[in-house]
Structures are given as C-alpha cells and as structure tokens.
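Visitor: I would like to go through this model residue by residue, with the reasoning spelled out. Could you guide me?

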Amino acid sequence: MRFFIIMLITALASALLLHFLPWWVSMVIAFLMVLMLPLRTGAATLSAGLGVGLCWLVIILSRDISNEHILSRQIAVLMGVPSYLFILLIGSLIGFITGALGGFSAAALIRVIRPAAAKPNISQQ
C-alpha cells in the first residue's frame, strides 16, 4: 500500500511544483516521500521512479497534444528517430530516472542510518 501512496503523492506533488520550480524538484519530492514512508530499496526506487515518470509523461503529453505534435515531430527529425513517440518516451524515461534516483537515495540513507532495520536477524534461525 505504501508503494502506491508514494507513487501517487510523488506524481501529484511533482505535477504541482514543476510549474514553478526546476525539473530536479521531482527528485527532492521522491526523496522526501521515501524518507517519510520507508520501503525496501527496490520498491522505493520503483515507486518513486514510476510516480515521477508517469507525471512527466502526462505533462509532456498535455503540452504535446496542445500544439498538435509540431515540436516533437521536428525534434524527432533533428535527432533522426523514426517517430515523435520516441521523444515522448525519452522524456518520461528521464523523469523515471530522476524519481528513481531520489527514491534510491532515500532508501540507501535509511539503510545507513538504521542498519539493524535493513538486515534480517540471523540469530533467530
């Protein structure tokens, strides 16, 4: 459940704050969300990455549809890719990587601060 909560709040907060702040604010939001609702490293990375990646995809699509794909088609021709959809996917992939790095950094920080919580207790076996 925390996986989806982190993903949803990260996406919504990023969508709101990206109108006023730089692109890297998504990484800070993902970092803070994973710090508040800790998950294992893989789950934290994936949930934060998906949240930011989906947010960026929605923002890119809304702006791209509003100008009838003119800019993305021209960039696709300039970059030599076959379709403007690759430009949309590259943008959302950059968003995914940004959020995933924020989530991973928070999960790694939690493991450093509380190493006993991250390791299983071997003496109970």
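**Contacts, core and surface**

Guide: In this predicted model, leucine 50 touches Phe3, Met7 and Phe96, when residues up to four places away in sequence are not counted.

Visitor: Which helix holds leucine 50, and is this residue buried, partly exposed or exposed?
Guide: Leucine 50 lies in helix H3, which covers residues 41-66. Its relative accessible area is 31%, and because buried means under 20% and exposed over 50%, leucine 50 counts as partly exposed.

Visitor: How far apart in space are leucine 50 and isoleucine 9, C-alpha to C-alpha?
Guide: Along the sequence, leucine 50 and isoleucine 9 are 41 residues apart. In space, the separation from C-alpha to C-alpha is 11 Å.

Visitor: Which helix supplies the largest share of the largest nonpolar core?
Guide: The largest nonpolar core has 16 residues, and those with the most contacts inside it are Leu18, Val34, Cys55 and Trp56. Helix H1 (2-17), helix H2 (25-36), H3 and helix H5 (84-113) each supply at least two residues of this core. The largest share, 6 residues, comes from H3.

Visitor: Tryptophan 56 belongs to that group with the most contacts inside the core; is tryptophan 56 buried or exposed?
Guide: Tryptophan 56 has its place in helix H3, and, leaving aside neighbours within four places in sequence, it is in contact with Leu18, Trp23, Ser26, Gly91, Ile94, Gly95 and Thr98. Its relative accessible area is 12%, and since the cut-off for burial is under 20%, tryptophan 56 is buried.

Visitor: What is the C-alpha to C-alpha distance between tryptophan 56 and isoleucine 94?
Guide: Isoleucine 94 is among the residues in contact with tryptophan 56. The two are 38 residues apart in sequence, while their C-alpha to C-alpha distance is 8.6 Å.

Visitor: Which residues does valine 34 contact, leaving aside its neighbours within four places in sequence?
Guide: Valine 34 is also among the residues with the most contacts inside the largest nonpolar core. With neighbours within four places in sequence left aside, its contacts are Ile6, Ala44, Ala48, Gly103, Ala106, Ala107 and Ile110.

Visitor: Turning to the surface, which helix supplies the largest share of the nonpolar patch?
Guide: The nonpolar surface patch, of about 800 Å², is made by Trp23, Trp24, Val28, Leu32, Leu35, Met36, Leu109 and Ile113. Both H2 and H5 supply at least two of its residues, and the largest share, 4 residues, comes from H2.

Visitor: Is valine 28 buried, partly exposed or exposed?
Guide: Valine 28 lies in helix H2 and is one of the residues that make the nonpolar patch. Its relative accessibility is 37%, and because this value falls between the 20% and 50% cut-offs, valine 28 counts as partly exposed.

Visitor: How far does H3 reach from its first C-alpha to its last?
Guide: H3 has 26 residues, for which 38 Å is expected at 1.5 Å a residue. The reach from its first C-alpha to its last is close to that expectation, at 38 Å.

Visitor: What phi does glutamate 68 take just after H3?
Guide: Most residues other than glycine have a negative phi. Glutamate 68, in the loop between H3 and helix H4 (70-79), instead has a positive value, and its phi is about 60 degrees.

Visitor: Histidine 69 lies in that loop as well; is histidine 69 buried or exposed?
Guide: Histidine 69 also has a positive phi, near 65 degrees. Glutamate 68 counts as exposed at 58% relative accessibility, whereas histidine 69, at 17%, counts as buried.

Notes. Residues are numbered from 1 along each chain as its sequence is written. This is a predicted model: local features need pLDDT of at least 70, side-chain atom pairs count only at pLDDT 80 or more; totals for chains, interfaces and linings use all residues. Side-chain values use heavy atoms; hydrogens and water are left out. Buried means under 20% relative accessible area, exposed over 50%, partly exposed in between (1.4 Å probe, protein chains only). Contact means heavy atoms within 4.5 Å. A nonpolar core is a set of buried Ala, Val, Leu, Ile, Met, Phe, Trp, Tyr and Cys residues joined through side-chain atoms within 4.5 Å. Patches are made of residues with over 30% relative accessible area and no salt bridge: like charges are joined within 9 Å, nonpolar side chains (Val, Leu, Ile, Met, Phe, Trp, Tyr) within 5 Å. Accessible areas come from the Shrake-Rupley method with a 1.4 Å probe; for residues, only the protein chains shown count as cover. A salt bridge is a side-chain nitrogen of Lys or Arg within 4 Å of a carboxyl oxygen of Asp or Glu. The expected span of a helix is 1.5 Å times one less than its number of residues.
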